[in-house]
Amino acid sequence: MSFFQHKIMYSRLLVSSIFLILTLTSTVANANCVVDGTGAIVTPANIRTAPTPGLAVNNGSNASSSCTITPTATKFTIFKIALCTADTSSNDLSSCQYILDSAAGIEHILTQGVSSALATPGFGVAPGSYDYLAFVLSSKFGTLASWRTTNDVWGKCEDYGSAQAEADLDDSNCQSSPWPKGTYCWTDHPGPTTYNPSTTLSLAHGQAVSGSKMLIACGSSPGTAKWTYELTNILQDHNGSDQCYDGSDRSTFLANGDRFAFTAGDSDGVNYNIISNLLKSDDTFATTCENTAKVLFTAILPNPVVVTANSLFDLKFKQEEISHLEFGGSDRDWNDSEYTYEGPPWMYKVGISPPQLYLTTSEPEVVPEEAF
């Protein structure tokens with residue numbers, strides 16, 4: 001997901017069913033990229049003379065350096081989905097009945113326009129009343145995405161001149177001439193990047209690369225998108241900073257896995273209390289960006305879910321508008337007389353939110369016996 005945003009989850013209870021939407025975006029407000037009549041994202045020919053200098057796109061509400069699109073595909077891993085009778089944000093799931101409980105996790109890929117079943121084993125939820133929903137996901141999310149822009153955008157270097165320079169993403173050594181640009185762009189580097197975006201060495205997911213590197217390919221014709229990944233490595237914005245360590249090299253994590261509690265409202269004006277915690281690989285609370293491996297979400301339901309022996313469960317996912325395009329330019333002082341750049345905007349990365357999740361419970365229709 002975008003490192004300019006906090007991460008949240010929200011849920012809604014419908015008549016005779018649960019409708020849960022899981023997301024890590026900080027708001028349900030529109031952040032979709034504004035497009036023209038052909039579907040191309042509206043970008044300026046010259047970022048200096050954009051409506052707001054340095055901001056390459058409009059996110060549906062205002063000029064911005066980031067906006068969202070629907071990807072071609074999304075990859076994520078689920079460890080647990082559960083209905084619970086007690087608050088699980090203390091990392092105690094002993095009150096839960098599991099819809100999914102996998103130590104290894106189940107990787108799932110959503111592909112646009114294609115239906116696919118989640119490979120879950122059979123499960124049983126004991127009859128009862130449940131006030132909480134708990135989810136544990138990997139903190140690593142992947143995406144495949146391609147898009148068009150109305151004007152040229154600079155993409156990543158195609159030829160770094162050496163294997164080491166390519167490994168380091170050393171643009172100063174780029175041998176590409178001219179530097180690649182165009183109105184077709186696509187994910188091209190695996191990363192992973194991070195939410196904040198630090199170069200974290202993740203114990204679970206490997207070395208992250210800087211989110212301020214150019215990781216997106218652009219050209220005059222369509223290219224083949226490659227998987228790119230992002231790590232959720234921190235939840236809080238500590239005193240105006242979302243960095244992993246303070247000036248004394250102390251972890252900025254709050255207690256209980258950087259616990260982040262908030263209230264989110266839906267379009268119907270219903271508010272939901274959500275708590276998120278970061279976990280290590282062994283399911284204990286994470287204490288640093290480096291040992292974060294999973295995310296635990298606890299949703300406090302506004303009304304309890306009542307499960308009977310006959311209850312039916314239906315689980316669906318949706319990946320609409322969850323890839324965050326991150327453009328450069330917002331970090332520059334466009335009033336500085338010594339900064340004289342004129343030309344197209346450039347791209348850094350694609351941030352990733354997890355897909356929306358719909359969990360529905362219902363009761364089978366009772367058909368009365370025909371009277372004879």
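**Cores and a small sheet in a predicted model**

Colleague: Which residues have the most contacts inside the largest nonpolar core?

Modeller: The model is a predicted one. Its largest nonpolar core has 35 residues. Those with the most contacts inside this core are Ile78, Ile81 and Leu133.

Colleague: Which strand gives the most to this core?

Modeller: At least two residues of the core come from each of β6 (73–84), β7 (96–111), β8 (128–138), β17 (260–265), β18 (271–279) and β19 (294–307). One strand, with six residues, gives the most to the core: β19.

Colleague: Leaving aside neighbours within four places in sequence, which residues is Ile78 in contact with?

Modeller: Contact here is taken as heavy atoms within 4.5 Å. With neighbours within four places in sequence left aside, the partners of Ile78 are Leu100, Gly105, Ile106, Leu118, Val136, Leu137 and Phe317.

Colleague: How many residues are in the other core?

Modeller: This core lies apart from the one with Ile78. Among its members are Cys33, Leu325, Trp334 and Val350. Its count is 21 residues.

Colleague: Which are the edge strands of the open sheet of three strands?

Modeller: The order in this sheet is β5-β21-β22, and the pairing is antiparallel. The twist from one strand to the next averages 25°. An edge strand pairs on one side only, which holds for β5 (66–69) and β22 (347–352).

Colleague: Which residue in β21 stands opposite Cys67?

Modeller: Strands β5 and β21 (residues 323–327) run antiparallel and are joined by four bridges. The β21 residue opposite Cys67 is Leu325.

Methods
Residues numbered from 1 in each chain as written. Predicted model: local features only at pLDDT ≥ 70, side-chain atom pairs only at ≥ 80, totals over all residues. Heavy atoms only, no water. Core = buried A, V, L, I, M, F, W, Y, C linked by side-chain atoms within 4.5 Å. Buried < 20%, exposed > 50% of the residue type's maximum accessible area, 1.4 Å probe, protein only. Pairing = 2+ DSSP bridges. Axes fitted to C-alpha atoms, helices over the stretch in contact; angles between N-to-C directions.
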